[in-house]
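Trainee: I'd like to practise reading a fold piece by piece. Can we look at it together?
Mentor: Sure, let's pull it up.

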Amino acid sequence: MSTFYIEQFGCRATQADGAAIERQLLDRGCTPSASPQTAEFVVVNTCTVTSSADTQARDAIRKIHAQNPAAKILVTGCYAQRAPEELAALPGVSFVVGNSHKPQIPGLIFAQQNLVQLSSVGPHRSAPQASRLLIGDIFATRDVLVAPVLGGEGNHTRPTLKIQDGCNNRCSFCVIPFVRGKSRSLPPDTVLSEIRRLCDSGFQEIVLSGINLGSWGRDFSPRADFLDLLRRILDKTPLSRLRISSIEPLDVTQDLIALFASTSRIAQHFHMPLQSGSDNVLSAMHRWYRTEHYSRRAALIREFLPHAAIGADVIAGFPGETEADHAATLRFIDSLPFTYLHVFSYSSRPGTMAAALDSQLRGETIHCRAAELRALGESKADAFRASQLGRTHRVLTLNRPSKLSNAPWTPALSSNYLQFRISEALPANQFLDVRAVAAQDNFLHAEVIASLQLAAASA
């Protein structure tokens, strides 16, 4: 049977798609390879959220072809949906499959002799002869590829389960709706069965993800509610801890925050994309909230959960952003109880409204503003870690990275998204009560409370 390797790029949703493809290939009897150098098929699962993501994908394809010229390279994902001909022109690329046809990839690999030429590549496109293309109308897509992501952060300890795909919003900077399609949701019974399956396999924490997670269920008839899904997960599964990935600010309601505060089984962690702290820029971005709405959510989180993690995405250098706008963003972020930031330099994406604006900023200006935002984010993260010293945390032990497999400490993650190092070599995937005793770099040193109690009793 065919051997395969999947090269992953991009967000949790893209990684979840790759995990679903892998599951289907394994079910068909294909064999995974340890590296792209030894695989007959290499699936390159791309991202296109920034121009640098495009560059990384092209560089990876060229490297794979140079190291394994015999491999058939199949390029898929968001970049493949947006610019298939651009990828098909690269040496070594045999197939380009957009998100619109991603569920067909296992069949193509399993029986490539039955592959037919693309029937429709959209208006004003012509398929290159060197590669076969499968690209269709992404807005007609109804599938949500399902398989938990068992790699990445946590190193197989904390699976990510994608339960929603696509987005109905039209933020002026974002290409994702055009490469992911309309918002669509995984049925609740499927969500519950996937979580039970993971629990039966011994996993203690699962991360729910989506392109616009808070919109889960709005495409159903009758409409379903994300909050009700969370309650069903708590009631109908034995999961020890559920974590929510990025969720839009307006979907963070008081009822949602109250549910988080009512149970230790939901991680005290809110990641709410901000993008800008200037109302002028938020309006130009076509974001649906203003700073007042955002700050109200942050205040409610702190009221209900004083030690919760609050993270945000921020874009530096959006077209037309003035020095005053940037200063307003710095002031706004400084005024709120953020515990970390993800800072992105603005990247013009073809086809978006922002790309057509004539007020694009110089790269040097964008770079400087991004650096200032990152410095502020690091300061916020340092202050949050310091505030947690002496506190007791329930942490989940993680696998040590392979290069540190013999390290005399164990990495762990708290409910409020703090990285810990425990000064003992312990098995992964166990909950422990620990005390934070020192902060260093981006993590906290911790001691296991049970061990401290035993030592005190024997003294």
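Trainee: Which backbone atom does the side chain of serine 100 reach?
Mentor: Keep in mind that this is a predicted model. To read a polar contact, find the two atoms and their distance. Here the side chain of serine 100 reaches the backbone nitrogen of glycine 136 at 2.8 Å.

Trainee: Where is serine 100 placed, and is it buried or exposed?
Mentor: Serine 100 sits in the loop between β5 (93–98) and α5 (105–110). Its relative accessible area is 13%, and the cut-off for buried is under 20%, so serine 100 counts as buried. Leaving out residues up to four places away in sequence, serine 100 touches Gln81, Leu134, Ile135, Gly136, Asp137, Ile138 and Thr141.

Trainee: On to sheets. What is the strand order in the open sheet of 3 strands?
Mentor: For a sheet, look at order and pairing sense, then at the edges. The order is β11-β12-β13, and the pairing is parallel. β11 (269–271) and β13 (340–345) each have a single partner strand, so one side of each has no neighbour in the sheet. On average, and ignoring direction, neighbouring strands here are turned by 15 degrees against each other.

Trainee: How many bridges pair β12 with β13?
Mentor: There are 6 bridges in the parallel sense, with β12 covering residues 309–316. For a specific register point, take glycine 311, whose bridge partner in β13 is tyrosine 340.

Trainee: Which helix lies across β12 and β13?
Mentor: That's α13 (residues 363–387), which runs at about 175 degrees to β13. Angles over 145 count as roughly antiparallel, so α13 and β13 fall in that class.

Trainee: And how do I describe two packed helices?
Mentor: Two packed helices are described by the angle between their axes and the distance between those axes. In this model, α12 (residues 323–335) packs with α13 at an angle of about 10 degrees, and the axes are 10 Å apart. That makes the two helices roughly parallel, because the cut-off is under 35 degrees. From α12, the contact uses Glu323, His326, Thr329, Leu330, Ile333, Asp334 and Ser335, while α13 supplies Arg369, Glu372, Leu373, Leu376 and Lys380. By class, the residues of this contact are 4 nonpolar, 3 polar and 5 charged.

Trainee: What is the strand order in the closed barrel?
Mentor: With a barrel, trace the strands around the ring. This one has 5 strands, running β14-β15-β16-β18-β17, with mixed pairing. Its neighbouring strands are turned by 50 degrees against each other on average, direction ignored.

Trainee: In what sense do β15 and β16 pair?
Mentor: Antiparallel, over 4 bridges, with β15 at residues 410–414 and β16 at residues 419–422. Alanine 412 stands opposite phenylalanine 420 in β16, and threonine 410 has isoleucine 422 as its bridge partner in that strand. The hairpin has 4 residues between the strands, and there tyrosine 417 takes a positive phi near 65 degrees.

Trainee: How many bridges join β14 to β15?
Mentor: β14 (residues 392–397) is joined to β15 by 3 bridges, and the two run antiparallel. Valine 395 has serine 414 of β15 as its bridge partner.

Trainee: Last one: which residues of β15 point one way, and which the other?
Mentor: Sort the side chains by the face they point to. Thr410, Ala412 and Ser414 point one way and Pro411 and Leu413 the other, and all are buried. That fits the count for β15, where 5 of its 5 residues are buried.

Notes:
Residues are numbered from 1 along each chain as its sequence is written. This is a predicted model: local features need pLDDT of at least 70, side-chain atom pairs count only at pLDDT 80 or more; totals for chains, interfaces and linings use all residues. Side-chain values use heavy atoms; hydrogens and water are left out. Two strands pair if DSSP finds at least two bridges between them. Axes are lines fitted to C-alpha atoms, for helices over the stretch in contact, and angles run from 0 to 180 degrees between N-to-C directions. Contact means heavy atoms within 4.5 Å. Buried means under 20% relative accessible area, exposed over 50%, partly exposed in between (1.4 Å probe, protein chains only). A polar contact is a pair of N or O atoms within 3.5 Å; within protein, one must be able to donate a hydrogen and the other to accept it, and residues adjacent in sequence count only if both atoms are side-chain atoms. Angles under 35 degrees count as roughly parallel, over 145 as roughly antiparallel, 65 to 115 as roughly perpendicular and the rest as oblique. Ala, Val, Leu, Ile, Met, Phe, Trp, Tyr, Cys and Pro count as nonpolar, Asp, Glu, Lys and Arg as charged, and the others, Gly among them, as polar.
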